[in-house]
Amino acid sequence: MQLEALPTVQGDFNLKNYEEARKTFSWKDAEKNFSWYETGRVNLAYEAIDKHAESSRKNKVALMYLSDSRNEKYTYYEMKRLTNKAANVLKEKAGVKKGDRVFIFMPRSPELYFAMLGAIKLGAIVGPLFEAFMEGAVKDRLEDSEAKVLVTTPDLVGRVPADQLPALETIFVVGGNVKEEGKYADYLKYFNAASDKLEIEWVDREDGLILHYTSGSTGKPKGVLHVHNAMIQHYQTGKWVLDLKEDDIYWCTADPGWVTGTSYGVFAPWLNGATNVVVGGRFSPAAWYNTIERFGVTVWYSAPTSFRMLMGAGNEIINQYDLSTLRHILSVGEPLNPEVIRWGNEVFGLRIHDTWWMTETGAQLICNYPCMDIKPGSMGKPLPGIEAAIVDDQGNPLPPNRMGNLAIKKGWPSMMRAIWNNPQKYESYFFPNGWYVSGDSAYMDEDGYFWFQGRVDDVIMTSGERVGPFEVESKLIEHPAVAEAGVIGKPDPVRGEIIKAFIALRDGYEPSDELKEEIRQFVKKGLAAHAAPREIEFCEKLPKTRSGKIMRRVLKAWELDLPTGDLSTMED
Ligand code: WTA
């Protein structure tokens with residue numbers, strides 16, 4: 001069902017006329033906003049920090065950080081000094097050079113951001129890891145990327161199997177009493193002593209910037225590589241989609257372990273010279289509303305799961321906070337329910353703007369812009385400069401209102417440039433005629449709005465996080481009681497989907513609630529809390545193809561009482 005468009009909000013918007021910009025804009029135009037356009041010297045960290053520190057924004061607050069125990073502000077000038085110091089630690093103590101992989105495994109703190117930008121200043125490729133990852137997940141990523149350096153904290157360092165990672169030379173531990181032996185080094189000791197002067201390493205626009213590991217439906221998580229050139233799109237979407245202006249106080253709720261937390265928690269806001277709010281700790285409605293009130297947040301980027309949880313917490317709590325500074329709200333990660341947009345309109349007096357993109361695309365591609373009518377439930381329209389279409393399985397564009405593969409014409413600035421160590425996988429994303437295939441199915445209506453329909457593969461989106469069923473199944477069968485496991489996403493009103501596991505037990509094991517809990521904890525400890533199945537169902541055996549592949553669509557059909565479809569490939 002299509003809902004009537006809400007009236008356009010009037011005002012002074014960065015993108016004033018969407019249709020006009022789509023006709024006239026070229027990515028070449030955006031290059032003029034960077035100092036390398038004149039100087040030829042490229043480094044994203046220079047454009048995000050140093051350039052502002054050397055301008056009239058010098059004393060503007062770049063980072064506002066709040067956690068249970070800290071409340072700090074840093075200007076662009078201070079950010080320049082502190083990221084230089086971090087770079088000097090990595091360079092002098094660990095010998096980091098251009099192209100080296102520097103991984104960062106820690107909760108959100110100013111030190112995380114200094115280290116990330118410091119590594120980028122050296123031309124290193126940063127790999128952010130979500131703090132909830134357990135040993136197996138950490139090892140897979142450090143091993144595949146052959147990370148040379150890791151920056152972590154005393155709480156997390158125990159999850160790093162240092163002796164199983166030959167390429168990993170230095171493990172910096174930030175804070176605590178660090179015993180400096182073997183690979184371990186006391187980060188703050190070197191940081192405090194480091195010089196705040198640095199010669200930035202100039203790079204090519206196509207040199208590596210960041211590696212984000214993400215899940216597909218098969219195999220281990222894959223390393224999606226982005227390059228410095230992505231800054232063009234981070235900057236431009238910061239202008240057009242986030243609508244950042246000089247006085248904005250911007251808050252992106254995502255952790256830098258996910259792409260939203262880097263592209264839109266680090267790069268876009270700082271490339272635009274904005275004041276960026278970072279908050280540590282767990283989600284709670286009171287803490288979140290408090291953040292908006294306390295900092296006077298004006299632009300807020302979050303996810304449908306969070307909005308649904310806030311909606312579920314009721315409107316009474318909202319009245320306890322002054323949220324009147326908010327002027328622009330955005331969402332990403334999953335379909336944004338029309339109901340949530342209605343709620344946002346009611347309680348904030350603002351429309352929530354949906355945006356669509358992926359780890360692989362590096363930046364927003366299909367969005368709702370402040371200057372455009374919103375059709376609640378639609379992801380919006382392609383960014384000026386982006387060609388999007390619905391194509392069939394051969395890559396031929398389909399007419400409006402036909403469901404098919406959501407595809408993007410290859411060549412946008414922030415497109416991934418490689419899957420680490422896996423050129424074949426990279427190639428598999430593209431049709432020979434130049435379309436990138438997203439793995440999402442969608443349709444486009446006659447007005448050019450795109451409507452999300454689902455994933456083509458089995459990837460699960462739970463609370464906005466992408467979980468590959470294969471990864472969870474692999475972990476499950478490591479448990480001594482588990483013979484076989486099949487994992488699906490089960491629709492859930494708050495989390496979008498929850499993870500449900502069907503498990504066939506080994507001989508000698510009996511189903512019980514204790515065993516369910518034990519298995520759940522096993523995945524939680526081995527992989528990550530968000531990857532642990534919320535529901536487990538024991539069964540005699542699992543539906544499989546004759547080649548032994550677990551048929552997740554059959555499990556899903558069982559679960560949802562749907563027709564199972566073609567079973568011709570199923571074993572007896
Ligand atoms: C889904 C997150 C519906 C989609 C930045 C995509 C969405 C996957 C939307 C990428 C949206 C993202 N509406 N679905 N607005 N945005 N998705 O790589 O299935 O963690 O392919 O990137 O999230 O997830 P990822």
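The paragraphs below lead through a predicted model, from its nine-stranded sheet and the helices on it to its cores, a four-stranded sheet and some single residues. Because the model is predicted, local features need pLDDT of at least 70 and side-chain atom pairs count only at pLDDT 80 or more, whereas totals for chains, interfaces and linings use all residues. Residues are numbered from 1 along each chain as its sequence is written, and side-chain values use heavy atoms, with hydrogens and water left out.

Helices and strands here are DSSP runs numbered from the N terminus (H or I over at least four residues for helices, E over at least two for strands), and two strands pair if DSSP finds at least two bridges between them. Nine strands form an open sheet with mixed pairing, in the order 2-1-11-10-12-13-14-15-16. Strand 2 (71-75) and strand 16 (381-382) stand at its edges with a single partner strand each, so one side of each is left without a neighbour in the sheet. Strand 1 (residues 61-66) runs antiparallel to strand 2 and is joined to it by five bridges, and the bridge partner of L66 in strand 2 is N71.

Two helices that pack on this sheet can be followed by their contacts (heavy atoms within 4.5 Å) and by their directions, where axes are lines fitted to C-alpha atoms, for helices over the stretch in contact, and angles run from 0 to 180 degrees between N-to-C directions. Helix 5 (residues 76-94) touches strand 1 and strand 2, and its direction makes about 95 degrees with that of strand 2. Helix 10 touches strand 1, strand 10 (249-252), strand 11 (275-279) and strand 12 (299-302), and its direction makes about 165 degrees with that of strand 10.

Helix 10 (residues 259-271) also meets helix 9 (residues 231-240): their axes come within 8 Å and cross at roughly 80 degrees. That makes helix 9 roughly perpendicular to helix 10, on a scale where angles under 35 degrees count as roughly parallel, over 145 as roughly antiparallel, 65 to 115 as roughly perpendicular and the rest as oblique. From helix 9 the contact draws on M231, H234, Y235, T237 and G238, and from helix 10 on S263, Y264, F267, A268 and L271. By class, this contact has six nonpolar, four polar and no charged residues, where Ala, Val, Leu, Ile, Met, Phe, Trp, Tyr, Cys and Pro count as nonpolar, Asp, Glu, Lys and Arg as charged, and the others, Gly among them, as polar.

Burial is judged by relative accessible area: under 20% is buried, over 50% exposed, and in between partly exposed (1.4 Å probe, protein chains only). In helix 4 (residues 44-53), nine of the 10 residues are buried, and these pack against helix 3 (36-39), helix 5, helix 6 (110-121), strand 8 (208-214), helix 9 and helix 10.

In soluble globular proteins, nonpolar side chains tend to be buried together. A nonpolar core is a set of buried Ala, Val, Leu, Ile, Met, Phe, Trp, Tyr and Cys residues joined through side-chain atoms within 4.5 Å. The largest one has 110 residues, and those with the most contacts inside it are M79, L90, F172, Y187, W270, Y301 and Y369. Apart from residues up to four places away in sequence, L90 touches G95, V96, V102, A115, G118, A119, L122, V149, V151 and F172. A second, separate core of 27 residues includes I249, V297, F348 and I352.

Another open sheet has four strands in the order 17-18-20-21, with antiparallel pairing. Its edge strands are strand 17 and strand 21 (450-455), each pairing on one side only, and the twist averages 50 degrees from one strand to the next. Strand 17 (residues 388-391) is nevertheless covered on both faces, with A388 and I390 buried on one side and A389 and V391 on the other. Strand 17 pairs with strand 18 (residues 404-409) over four bridges, with V391 opposite N405. Strand 18 in turn pairs with strand 20 (residues 435-444) over five bridges, with G404 opposite A442.

Among single residues, H226 in strand 9 (residues 222-227) is buried, with a relative accessible area of 3%. Two loop residues other than glycine have positive phi: E146, near 50 degrees, lies between helix 7 (135-145) and strand 5 (149-152), while S463, near 45 degrees, lies between strand 22 (460-462) and strand 23 (465-467). E146 is partly exposed at 45% relative accessibility, and S463 is partly exposed at 28%.
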